[in-house]
Amino acid sequence: MRVTKAGFIERQITFGYDFRMHCNSCGRSSTLNGADSIRLESENNARMECDHCDGSIHFGPLAADLRDQDDPALDGGLLSKLSWVWLSCREALSWENTG
Ligand SMILES: [Zn+2]
């Protein structure tokens with residue numbers, strides 16, 4: 001992550017990241033990439049193997065876990081200092097043009 005001159009922590013949000021799904025059998029999370037989620041949804045009724053035990057995870061919104069456990073937004077000490085700013089590749093929508 002990059003820190004801007006204004007003190008913003010800048011991070012790219014893309015749809016190229018993996019998902020993390022919670023296993024009810026062992027309580028740990030397993031990684032699921034986008035391609036596998038599409039494939040397994042039709043091939044295996046949205047079930048994946050757990051990376052840590054013999055359990056099977058029925059993945060979806062109810063099983064979704066934190067994507068990044070080291071996300072600075074999870075630090076309670078930073079909570080009052082954080083704000084969400086929408087940045088866009090489109091110049092007309094960039095925060096720099098908002099005033
Ligand atoms: Zn498990």
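Strand 3 and strand 4, the latter spanning residues 29-32, pair in the antiparallel sense over 4 bridges. This pairing belongs to a predicted model of a chain with 1 helix and 6 strands. In sequence order, the elements follow the pattern β-β-β-β-α-β-β. The points below cover the chain as a whole, the hairpin, Phe-19 and the loop that follows the helix.

**The chain as a whole**
- The chain has 99 residues, of which 7% count as buried.
- Among contacts in the chain with a separation of 6 or more, 39% join residues that are 24 or more positions apart.

**The hairpin of strands 3 and 4**
- Strand 3 and strand 4 form a hairpin, and 6 residues lie between them.
- Within the pair, Arg-20 stands opposite Thr-31, a residue of strand 4.
- The turn includes Gly-27, whose phi is positive at about 85 degrees.
- As a general point, side chains in a regular strand alternate between the two faces of the sheet.

**Phe-19 and its surroundings**
- Phe-19 is found in strand 3, which covers residues 19-22.
- Phe-19 counts as partly exposed because it has 19 C-beta neighbours inside 10 Å, whereas a buried residue requires 20 or more.
- When neighbours within four places in sequence are left aside, Phe-19 is in contact with Leu-32, Ser-37 and Ala-64.
- Of these contacts, Leu-32 falls in strand 4 (residues 29-32), and Ser-37 falls in helix 1 (34-43).
- The C-alpha atom of Phe-19 is separated by 7.4 Å from that of Gly-34, a residue 15 positions away along the chain.

**The loop between helix 1 and strand 5**
- Asn-45 lies in the loop between helix 1 (34-43) and strand 5 (47-49), and Ala-46 lies in that loop as well.
- Most residues other than glycine have a negative phi.
- Asn-45, which is not a glycine, nevertheless has a positive phi near 50 degrees.
- Ala-46 is likewise not a glycine, and its phi is positive at about 60 degrees.
- Asn-45 is exposed because 8 other C-beta atoms lie within 10 Å, and the limit for an exposed residue is 12 or fewer.
- Ala-46 is partly exposed, with 15 other C-beta atoms within 10 Å; this count lies between the limit for exposed residues, 12 or fewer, and that for buried residues, 20 or more.

Methods:
Residues are numbered from 1 along each chain as its sequence is written. This is a predicted model: local features need pLDDT of at least 70, side-chain atom pairs count only at pLDDT 80 or more; totals for chains, interfaces and linings use all residues. Helices (H or I, at least four residues) and strands (E, at least two) are DSSP runs, numbered from the N terminus. Two residues are in contact if their C-beta atoms, placed from the backbone, lie within 7 Å. Two strands pair if DSSP finds at least two bridges between them.
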